[in-house]
Amino acid sequence: MRRWIHDGNEPGGAVRYIAFVLADEKGESIYAQVLPSQVQKLGDLLQMGGTYIIAKFNVRASKTSYIPFEKKLMIEFTGFTTVSQVQDPADTFPAYVYNLTPFSNINPVGAAATKFIDILGIITAVENARIIPEERVATIREITIRNINDEELKVTLWENRAKEFKVPIISASENPYSIVVLFVGCLPTTLHNIIQVYGGNPCQWYFNPDIKEAQPLYNRLKLSPVPVRMPLSDTIGDSNEVQPIIIEHKTLDELNKIYPYEFPTTGYKCTVTITAIHESPRWWYVGCAKCGKAPDIEMIPFRCSRCYFKDSKPLYKLSFSAKDDTAEANFFGYDEESRRIIRRNIDFMLRQARTTEGLPQHLMNLITRKYTFVVGLTNSSFNEMENRTYLVKRIAFDFHEQAYITSRFTLTAKPQQPHHSLPPVSPTGNLLQPTQQTIGVQPTVDIASPATASTPAPPIVADDTPEKQPDNSTQANRKLIPKALLPSLNTIGKETNDACTIDKATAVLDQSFKTRSDDILLKTMCPTSHDKTEKEALQELYEHKEPNPQSQEKHKETQKPTSSVQAMKRSRPSEATIQENDEIIESSLHKIRK
């Protein structure tokens with residue numbers, strides 16, 4: 001349905017990704033994106049208006065910014081994705097995918113400024129494409145449209161979209177009449193506090209679309225046609241005749257010495273590293289949801305003093321310190337510039353701030369990041385030279401983002417001389433020459449290959465470190481000698497350092513628990529010298545034999561108390577004895593475990 005290339009707003013630069021709006025025969029739509037590593041492979045396979053069968057792709061949570069509509073999921077094409085074109089598709093596929101936004105609901109403030117919107121209206125005026133002198137010379141074209149309530153909105157098309165826009169003309173001698181247009185993929189913005197929209201690569205348009213929302217406009221045009229004001233000749237000036245605006249680069253020490261009234265309106269460039277984020281003034285505020293103005297006086301309910309809008313929302317206002325090799329200064333950014341620096345939705349940041357003390361962690365992560373800003377001066381900077389704050393007008397270069405992009409392209413780039421790489425193999429198992437392609441052989445285009453995988457395997461490089469020669473005898477002994485859970489029968493009679501301690505602990509166990517009901521079990525597991533030798537007891541435990549009945553009878557006769565007083569003495573030891581016995585048992589068991 002739609003296809004556009006994102007090049008980071010740098011015409012001719014590296015392609016960041018290719019985006020699509022896909023629709024199935026049931027009318028369901030979804031946003032899709034080609035990973036940067038697959039741009040060269042998949043870039044030309046999917047074209048506008050084509051019908052394809054796509055398989056083996058990733059489904060992930062949708063992005064939150066620069067998306068054509070609000071969906072929970074999106075599609076990512078990977079190195080394993082297969083694409084095959086359908087020659088005779090069914091006629092049940094939708095002709096348009098759109099989500100109209102009324103003129104009154106267009107919001108150019110906060111996160112809403114990063115959501116593509118679709119608008120519908122009657123064309124009333126079309127200006128010639130013209131070249132504007134900016135830091136990078138650009139071509140724009142302005143179109144004015146009107147809705148059913150006679151509200152007008154200006155649409156500004158940029159670069160290729162400005163050159164491609166052509167109004168259908170019936171007669172060359174007169175202006176056209178009654179043209180309804182559907183713009184999709186526009187972004188809201190403001191110019192001199194007037195809301196308008198602009199269209200870049202994601203923007204497309206349809207003249208007189210056959211949709212139900214356009215019927216009221218068609219009915220009105222039948223009664224009162226609306227002419228389109230436009231010049232008879234559509235000429236574009238030579239871009240070589242327009243000189244770009246050069247923004248001079250300054251150090252902080254040089255900026256601090258410039259008189260405030262000598263600051264140019266275009267500002268200066270400066271490259272700095274953030275050193276601190278200020279907690280005061282607060283990094284966010286509640287402002288108008290339409291124009292972003294902070295209220296002069298807090299009112300309940302909210303009412304903007306500039307545009308009289310009644311809704312409010314939280315917005316950024318970031319204050320920070322930054323330095324270069326010459327000096328350090330204070331900087332301030334409004335919502336749009338602050339959001340581009342923080343790269344987080346303000347609702348997410350506020351949730352994080354509620355669970356942490358001080359500044360959120362994402363704000364602290366900005367420290368040590370390096371930027372090139374286009375700066376001006378705040379109003380308070382005109383009062384005195386010493387305490388001035390620079391207003392961030394635009395981010396000219398983000399070193400952190402550029403490093404991330406470079407690393408991604410470096411990781412996904414195909415090595416010139418891969419090590420230990422295998423030659424490509426055809427589906428039939430035959431080796432292919434570098435000039436052969438499987439696209440012309442197979443009806444289904446299979447773009448899975450090791451060279452185009454999202455994260456290719458690193459090249460195998462020989463290691464010069466000598467390998468350690470294993471000791472075969474040691475490894476053989478480790479395999480043949482099992483771990484013994486119980487001591488060997490041949491070592492029971494030998495003297496050890498812990499033999500006396502173990503015998504004493506065994507005697508204490510026998511004395512302390514003699515009167516308990518599990519006395520027989522304890523004596524079976526831990527026999528004493530009165531019953532039998534340790535060697536005989538362990539022999540029975542290894543062979544899972546019952547204790548000798550004669551030995552038990554002999555033990556009962558020798559342990560039988562001669563009087564009730566002696567029995568009470570034996571069954572109730574003193575508290576000191578119990579504590580001493582517990583310590584001996586614990587220390588002995590600890591040594592046994594070791």
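A salt bridge is a side-chain nitrogen of Lys or Arg within 4 Å of a carboxyl oxygen of Asp or Glu. The exercises below use this cut-off and a few others on a predicted model.

**Exercise 1. Decide what joins the side chains of Glu 164 and Arg 161, and where the two residues lie.**

Solution.
- Step 1: the N to O distance between the side chains of Glu 164 and Arg 161 is 3.1 Å. The limit is 4 Å, so the two side chains meet in a salt bridge.
- Step 2: both residues belong to helix α2 and are three residues apart, about one turn of the helix.
- Step 3: buried means under 20% relative accessible area, and exposed means over 50%, with partly exposed in between. Glu 164 has 45% and is therefore partly exposed. Arg 161 has 12%, so Arg 161 counts as buried.

**Exercise 2. Locate the partners of the salt bridge between Arg 130 and Glu 142, and classify each by accessibility.**

Solution.
- Step 1: the side chains of Arg 130 and Glu 142 meet at 3.3 Å, N to O. Arg 130 is in strand β9 (residues 130-132) and Glu 142 is in strand β10 (residues 138-146), so the bridge ties together parts 12 residues apart in sequence.
- Step 2: Arg 130 has a relative accessibility of 39% and counts as partly exposed. Glu 142, at 19%, is buried.
- Step 3: the pair also belongs to a network of salt bridges that links Arg 130, Glu 142 and Lys 154.

**Exercise 3. Find how many residues separate the parts tied together by Arg 220 and Asp 150.**

Solution.
- Step 1: a salt bridge joins the side chains of Arg 220 and Asp 150, with an N to O distance of 2.7 Å. Arg 220 sits in helix α3 (residues 215-223), while Asp 150 sits in the loop between β10 and β11 (152-158), so the parts tied together are 70 residues apart in sequence.
- Step 2: Arg 220 is partly exposed at 29% relative accessibility. Asp 150 is partly exposed as well, at 43%.
- Step 3: for the whole structure, the count comes to 14 salt bridges.

**Exercise 4. Classify the ring pair of Phe 165 and Phe 183 as stacked, tilted or edge-to-face.**

Solution.
- Step 1: a pair of aromatic rings is described by the distance of the centres and the angle of the planes.
- Step 2: the structure holds 21 aromatic pairs. In the pair of Phe 165 and Phe 183, the centres are 6.1 Å apart and the planes are at 20°, so the rings are stacked. The relevant limits are 6.5 Å for the centres and 30 degrees for the planes.
- Step 3: Phe 165 lies in the loop between α2 (159-164) and β12 (180-191), and Phe 183 lies in strand β12. The two are 18 residues apart, and the pair links distant parts of the chain.
- Step 4: both rings belong to buried residues: Phe 165 has 1% relative accessibility, and Phe 183 has 0%.

**Exercise 5. State which charged residues sit over the rings of Trp 284 and Phe 399, and which residues form an aromatic cluster.**

Solution.
- Step 1: over the ring of Trp 284 sits the charged end of Arg 282, 4.1 Å from the ring centre.
- Step 2: over the face of Phe 399 lies Lys 370, at 4.8 Å from the ring centre.
- Step 3: one aromatic cluster is formed by Phe 263, Tyr 268, Phe 320, Phe 331, Tyr 371, Phe 373 and Tyr 390.

**Exercise 6. Describe the settings of Thr 51 and Tyr 259.**

Solution.
- Step 1: Thr 51 is placed in the loop between α1 (39-42) and β4 (52-55). Its relative accessible area is 18%, so Thr 51 is buried.
- Step 2: apart from neighbours within four places in sequence, Thr 51 contacts Ser 84, Gln 85, Val 86, Pro 89 and Phe 93.
- Step 3: Tyr 259 is in the loop between α4 (252-256) and β15 (268-277), and is partly exposed at 47%.
- Step 4: Tyr 259, Tyr 261, Phe 382 and Met 385 make a nonpolar surface patch of about 420 Å².

**Exercise 7. Summarise the whole protein: secondary structure, burial, contacts and exposed area.**

Solution.
- Step 1: the secondary structure comes to 15 helices and 22 strands.
- Step 2: of the 594 residues, 35% are buried.
- Step 3: among contacts with a separation of 6 or more, 64% are between residues 24 or more positions apart.
- Step 4: the protein exposes about 37800 Å², of which carbon and sulfur atoms supply 52%.

Methods:
Residues are numbered from 1 along each chain as its sequence is written. This is a predicted model: local features need pLDDT of at least 70, side-chain atom pairs count only at pLDDT 80 or more; totals for chains, interfaces and linings use all residues. Side-chain values use heavy atoms; hydrogens and water are left out. Helices (H or I, at least four residues) and strands (E, at least two) are DSSP runs, numbered from the N terminus. Buried means under 20% relative accessible area, exposed over 50%, partly exposed in between (1.4 Å probe, protein chains only). Contact means heavy atoms within 4.5 Å. Patches are made of residues with over 30% relative accessible area and no salt bridge: like charges are joined within 9 Å, nonpolar side chains (Val, Leu, Ile, Met, Phe, Trp, Tyr) within 5 Å. Accessible areas come from the Shrake-Rupley method with a 1.4 Å probe; for residues, only the protein chains shown count as cover. Rings of Phe, Tyr and Trp (its six-membered ring) pair if their centres lie within 6.5 Å; planes under 30 degrees apart count as stacked, over 60 as edge-to-face and the rest as tilted. A charge sits over a ring if NZ of Lys or CZ of Arg is within 6 Å of the ring centre and within 35 degrees of the ring normal.
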